[in-house]
Amino acid sequence: MANYLELCQQVLFELNEANISTVTASSGFTQYVIDTVNRSMREIDSEERGEWPWNYNSGSTTTQAGTADYSYASTQVRSVDKESFILEPTDVVTNGTFDSAVTGWTSNSAGGTAAYSNTSGYGRLGLTPSAATSTGAAAMYQALSVTAGEKYRVYTQVFNDDIVLTVGTTAAGSNILTKTLTLDNKGDGKFFDSTFESTSTTVYLQYSASASTELSEVDSVVCVEDFKPVSLKVTSLDEWRKRYSQNETLSSPAAHGRPQRVVLTQNRKFKLSPPPDKNTYKIRYDYWAETTDLSTNASIPAIYGQYH
């Protein structure tokens with residue numbers, strides 16, 4: 001795919017004009033050609049209301065309790081896919097896919113080794129006991145910020161050998177949950193689904209291995225409030241004003257709750273209705289972005305090559 005400089009060179013060649021080696025520091029007709037390339041892309045992009053596949057993006061916004069109005073994740077939003085708004089719980093785990101090694105996790109090994117594992121070519125948490133006893137256990141935990149009294153669901157992917165999952169109110173504690181994640185076939189990985197009810201605003205999620213001296217691996221760790229993601233209906237601003245605004249502009253607790261609707265406002269923002277009662281909801285959506293002008297020699301246009 002041609003970059004900005006190559007596109008300008010192609011236009012100049014077709015016009016039988018002198019070639020250039022950079023898109024900066026030009027003047028006269030050459031600068032006009034350079035600017036025209038961007039104008040042409042903006043013109044193409046304006047067709048179909050700008051809703052081209054190369055402009056399609058996804059974004060998300062985390063709620064703030066009591067706040068109804070939100071900006072999009074990008075300042076370049078042109079229009080929003082009205083069918084794409086989804087409310088889902090926020091994952092409270094940091095680095096649950098171990099893309100950043102074991103950042104956010106703390107070792108609590110008795111005699112074994114808990115470390116980043118890349119033996120399979122995928123980043124995972126590797127637990128290798130030094131002996132098949134509690135004194136040889138390998139373990140790692142993470143402190144999670146949660147809401148006391150709420151039910152949570154933990155998703156875990158396990159490989160190679162069995163893992164013990166514990167949740168407690170102290171580091172490496174197990175007073176809330178203890179569960180052995182047993183593999184039916186130790187050559188295959190398996191997903192596990194576990195639930196617990198938090199009794200504190202901080203809990204400690206730990207994985208440990210001590211059943212054998214074999215390497216056990218953990219990946220794809222997620223911990224969210226126990227409710228299913230739901231689609232949010234887009235309601236017009238006029239309908240919201242007529243049916244909901246009088247109650248939702250109050251400061252009483254009854255005016256807040258789990259959002260059920262999205263209202264697209266006139267200033268390229270959106271409103272949640274009712275206003276959220278928690279900081280732990282995530283709103284996901286898809287949108288079409290504005291075109292970004294090319295600026296350097298190596299800039300690559302988002303527009304597909306056949307339109308060049």
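Buried means under 20% relative accessible area, exposed means over 50%, and partly exposed covers what falls in between, with a 1.4 Å probe and protein chains only. By that rule, Glu88 is buried, with a relative accessible area of 14%. Please keep in mind that this is a predicted model, in which local features need pLDDT of at least 70, side-chain atom pairs count only at pLDDT 80 or more, and totals for chains, interfaces and linings use all residues. Residues are numbered from 1 along each chain as its sequence is written, and side-chain values use heavy atoms, with hydrogens and water left out.

## Salt bridges

Let us start with the charged pairs. A salt bridge here is a side-chain nitrogen of Lys or Arg within 4 Å of a carboxyl oxygen of Asp or Glu. Searching the whole structure gives 17 salt bridges. Three of them are set out below.

| Pair | N to O distance | Relative accessible areas |
|---|---|---|
| Glu88 and Arg284 | 2.9 Å | Glu88 14%, Arg284 35% |
| Arg124 and Glu217 | 2.9 Å | Arg124 8%, Glu217 1% |
| Arg268 and Glu290 | 3.2 Å | Arg268 48%, Glu290 22% |

To place these pairs we need the helices and strands, which are DSSP runs numbered from the N terminus (helices are H or I with at least four residues, strands are E with at least two). The side chains of Glu88 and Arg284 meet in a salt bridge. Glu88 belongs to strand S4 (residues 86-89) and Arg284 to strand S19, so this pair ties together parts that are 196 residues apart in sequence. Arg284 counts as partly exposed, while its partner Glu88 is buried.

The salt bridge of Arg124 with Glu217 also links distant parts of the chain: Arg124 is in strand S7 (residues 124-128) and Glu217 in strand S14, 93 residues apart. Arg124 is buried, and Glu217 counts as buried too.

Arg268 forms a salt bridge with Glu290. Here Arg268 sits in the loop between strand S17 (261-264) and S18, and Glu290 in the segment after S19, 22 residues apart. Through shared partners, salt bridges join Asp45, Arg78, Arg268 and Glu290 into one network. Within that network, Arg268 is partly exposed, and so is Glu290.

## Aromatic rings

Next come the rings. Rings of Phe, Tyr and Trp (its six-membered ring) pair if their centres lie within 6.5 Å; planes under 30 degrees apart count as stacked, over 60 as edge-to-face and the rest as tilted. This rule yields a count of 16 aromatic pairs. In one of them, the rings of Phe270 and Tyr285 have centres 5.7 Å apart and planes at 65°, so the pair is edge-to-face. The pair links distant parts of the chain, with Phe270 in strand S18 (residues 269-273) and Tyr285 in strand S19 (residues 281-289), 15 residues apart. Phe270 and Tyr285 are both buried. They also belong to one aromatic cluster, formed by Tyr70, Tyr72, Phe85, Phe270, Tyr285 and Tyr287.

Which charged ends sit over the rings of Tyr244 and Trp240? A charge sits over a ring if NZ of Lys or CZ of Arg is within 6 Å of the ring centre and within 35 degrees of the ring normal. The charged end of Arg261 is over the ring of Tyr244, 3.7 Å from its centre. For Trp240, the charged end is that of Lys271, 4.7 Å from the ring centre.

## Strand S14 and its contacts

Strand S14 (residues 216-225) contains Val224. Val224 is buried, with a relative accessible area of 10%. What does Val224 touch, not counting residues up to four places away in sequence? With contact meaning heavy atoms within 4.5 Å, Val224 touches Pro89, Thr90, Asp91, Lys151, Tyr152, Arg153 and Tyr155. Val224 and Thr90 are 134 residues apart in sequence, yet 5.8 Å apart in space, C-alpha to C-alpha.

Ser220 lies in strand S14 as well. Its phi is near 55°, a positive value in a residue other than glycine. Ser220 counts as partly exposed at 22% relative accessibility.

## Backbone details in the loops

Asn16, in the loop between helix H1 (4-14) and H2, has phi near 60°, a positive value in a residue other than glycine. Asn16 is exposed, with a relative accessible area of 70%. Elsewhere, the peptide bond from Ser273 to Pro274 is cis, with omega near -5°. Pro274 lies in the loop between S18 and S19.
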